[in-house]
Amino acid sequence: MASRPVVSARTMSMTVQPAHDGPWKATMIVVMSPQATREQTEVADALLRKDGLTPVVGQVAGATVLVTEGSGTLDLASAATSSAGVERVVVVPGAQRLTSRLFRPENTRVTVGGPEGPVIGGDEFVVIAGPCAVETPLQMTAVVDTVADAGAAMLRGGAFKPRTSPYSFQGLGVAGLALLAEQRGRTGLPVVTEVVTPDDVERVAEESDMLQIGTRNMQNFALLREAGASGRPVLLKRGMAATIEEWLLAAEYLMHMGNEDVVLCERGIRSYERSTRFTLDLSAVAEAKRLTHLPVIVDPSHSTGQPHLVSPMSLAAAACGADGLLIDVHTDAQAALCDGAQALDGGEFTELMDRLKPVVEAVGRTLAQPRSRHLTQV
Ligand code: PEP
Ligand code: MN
């Protein structure tokens, strides 16, 4: 079949000017057309290998992609462009591939919990709220009623907790997943929950709408691969000591396993500052939005560790282009088994939702409304 022209003028102009006089080098992604035959993919693969590249073959958005590592020339990009069955060739500088804005210029929109669910990365600003940890049925009902009434579009809650100390509450595990599923059934709101080991991915994927990978696991590559293959959207928190590039490369692991529904979450990085739990890096939000098409949300709770900072940082996150928030809320924070000190109470969360609305609208977006509400008495 006829191949479409490829290395776009925009891509060329962004990548073909060497910063020095040496040989021009960059790697590339060859995107096969959805109708390409296996033989055509093999021919494109052989073409790259002839030039010393060893492409990794994957599936993205129903198309086969050949993702290269190493260095390739512009001549090779042109040759690959005219190979049969090739839809386009993207030349990518730096380490990113599938997460790069050069690979996909438009924003990725991640729909959570079925076609009617909230869309992260689109025109709406999505607020996810709930307790740090799932504790009891009564605690869950109280918190979930509060955040649902205030207009949260999604629920959070940890069943498997990665705790710094082995003596701290480790979460209810599988029993916690059931409590989360109960709240989802009661409210119709999708649920995100953390998974900490590759072995649990299948189970957590079955019982929730979105998998969270925590800061302490951002470079747990076996977990990333498993979550990438799970078929569920993934919320990838930034490692507390990770650079933006390392964070985006962790997202590459998810995408190269065929998962396009990846949402990044800035949750604060370690610095010398001790007044806050971590240092919330909002510049990373704007920079990640520039470098990648993936949505980026902010966790003002784990980053600041203090309720009085959650509201101002939430407003700032909305203003700087974040696609949503992940917020800890508890109706009895004193008794919380995990991170009570940073949780908002119901009144504080409701007030924050009211204050967020005009800020979100000032940057041309709307606050996502809960899609379905079937609150029933339990
Ligand atoms: C959490 O959101 O419950 C959590 C443990 O966050 P982090 O991985 O950012 O510490
Ligand atoms: Mn926590």
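Visitor: In which helix does Pro 312 lie?
Guide: In this predicted model, the chain around Pro 312 forms a helix that covers residues 307-319. Pro 312 has a relative accessibility of 36%, so Pro 312 counts as partly exposed. The helix that holds Pro 312 is α11.

Visitor: How many Å apart in space are Pro 312 and Leu 352, C-alpha to C-alpha?
Guide: Along the sequence, Pro 312 and Leu 352 are 40 residues apart. In space, the C-alpha to C-alpha separation of Pro 312 and Leu 352 is 8.9 Å.

Visitor: Which residues coordinate the manganese ion (ligand 2)?
Guide: The donors of the manganese ion (ligand 2) follow the spacing C-x169-H-x36-D along the chain, and their atoms are SG of a cysteine, NE2 of a histidine and OD of an aspartate, at 1.9 to 2.2 Å. The coordinating residues are Cys 132, His 302 and Asp 339.

Visitor: Why does the pair of Cys 132 and Asp 339 tie together parts that are far along the sequence, and how many residues apart are those parts?
Guide: Both residues coordinate the manganese ion (ligand 2). Cys 132 belongs to the loop between β7 (124-130) and α4 (137-150), while Asp 339 belongs to the loop between β14 (324-328) and α12 (346-362), so the pair ties together parts whose separation in sequence is 207 residues.

Visitor: Are Cys 132 and Asp 339 buried or exposed?
Guide: The cut-off for buried is under 20% relative accessible area, and for exposed it is over 50%. By this division, Cys 132 and also Asp 339 are buried.

Visitor: Arg 49 forms a salt bridge with which residue?
Guide: The partner of Arg 49 lies with it in helix α2 (residues 38-50), four residues apart, which is about one turn of the helix. Arg 49 counts as partly exposed because its relative accessibility is 42%, whereas the partner, at 15% relative accessibility, counts as buried. The closest N and O atoms are 2.7 Å apart, and the partner is Asp 45.

Visitor: How many residues apart in sequence are the parts that Arg 156 and Asp 328 tie together?
Guide: Arg 156 and Asp 328 form a salt bridge in which the closest N and O atoms are 3.4 Å apart. Because Arg 156 lies in strand β8 (residues 154-156) and Asp 328 in strand β14, the parts tied together by this pair are 172 residues apart.

Visitor: What relative accessible area does Asp 328 have?
Guide: Arg 156, with which Asp 328 forms a salt bridge, counts as buried at 3% relative accessibility. Asp 328 is buried as well, with a relative accessible area of 1%.

Visitor: Which residues are linked with Arg 238 in a network of salt bridges?
Guide: The side chains of Arg 238 and Asp 281 meet at 2.9 Å, N to O, and both of these residues are buried. The network of salt bridges links Arg 238 with Glu 266 and Asp 281.

Visitor: How far apart are the C-alpha atoms of Leu 235 and Val 296?
Guide: Leu 235 is part of strand β11 and is buried, with a relative accessible area of 0%. Leu 235 and Val 296 are 61 residues apart along the chain, and the separation of their C-alpha atoms is 9.3 Å.

Visitor: Is Glu 202 buried or exposed?
Guide: Glu 202 has its place in helix α6 (residues 201-207) and forms a negative surface patch with Asp 199, Glu 206 and Glu 226. Its relative accessibility is 61%, so Glu 202 counts as exposed.

Technical notes: Residues numbered from 1 in each chain as written. Chains lettered and ligands numbered in written order. Predicted model: local features only at pLDDT ≥ 70, side-chain atom pairs only at ≥ 80, totals over all residues. Heavy atoms only, no water. Donors = N, O, S within 2.8 Å, 3.2 Å for Na, K, Ca; no water. Helix = DSSP H or I, 4+ residues; strand = E, 2+ residues; numbered from the N terminus. Buried < 20%, exposed > 50% of the residue type's maximum accessible area, 1.4 Å probe, protein only. Patch = residues over 30% accessible without salt bridge, like charges linked within 9 Å, V, L, I, M, F, W, Y side chains within 5 Å. Areas by Shrake-Rupley, 256 points an atom, 1.4 Å probe, with all protein chains shown as cover. Salt bridge = Lys/Arg side-chain N within 4 Å of Asp/Glu carboxyl O. Lys, Arg positive; Asp, Glu negative; His and termini not counted. Charge placed at Lys NZ, Arg CZ, Asp CG, Glu CD.
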